[in-house]
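I opened the file to look up a few items and kept notes as I went. The entries follow the order in which I checked them.

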Amino acid sequence: MKTLGASEAKNRFGELLDLARREPVQIAKKGRSVAIMMSIEEFERFLNLENQFLALKAEQARQEGFIGITESEALLSEILNA
């Protein structure tokens, strides 16, 4: 992954956009990493992976006997109204 300083990224923004379409680019400010620039396709791929992971964790929780949101809200309402 390439790293650019914030000033360089600002001064070469068009080139940064072209590079980010090919691979993620790390942006550093005062020697500290502060951002990653990536293509929209790569970002959407990460979102999809995150959603798949969350769905897997939710299914695991359901299989382990954890109750869902609807059941949780009903139980909370029952407790508060008692």
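**Helix α4**

I looked at burial first and found α4 hardly covered: among its twelve residues the count of buried ones is zero. I am working from a predicted model, so I note these as computed values.

I then checked the length of α4, residues 69-80. With twelve residues at 1.5 Å a residue, I expected the helix to span 16 Å, and its end C-alpha atoms are 16 Å apart, so the two agree.

**The sheet**

Next I asked in what order the three strands of the open sheet run. I read the order as β1-β2-β3, with mixed pairing. β1 (2-5) and β3 stand at the edges; each has a single partner strand, so one side of each is left without a neighbour in the sheet. I noted an average twist of 35 degrees from one strand to the next.

I went on to the pairing of β1 with β2, residues 25-29. These two strands pair in the parallel sense, over four bridges. For L4 I looked up the bridge partner in β2, and it is I27.

**S39**

I located S39 in the loop between β3 (32-37) and α3 (40-63). Is S39 buried or exposed? Its relative accessibility is 11%, and the cut-off for buried is under 20%, so I entered S39 as buried.

Last, I looked up what S39 touches. Leaving aside neighbours within four places in sequence, I found S39 in contact with A20 and R21.

Terms used:
Residues numbered from 1 in each chain as written. Predicted model: local features only at pLDDT ≥ 70, side-chain atom pairs only at ≥ 80, totals over all residues. Heavy atoms only, no water. Expected span 1.5 Å × (residues − 1). Buried < 20%, exposed > 50% of the residue type's maximum accessible area, 1.4 Å probe, protein only. Contact = heavy atoms within 4.5 Å. Pairing = 2+ DSSP bridges. Axes fitted to C-alpha atoms, helices over the stretch in contact; angles between N-to-C directions.
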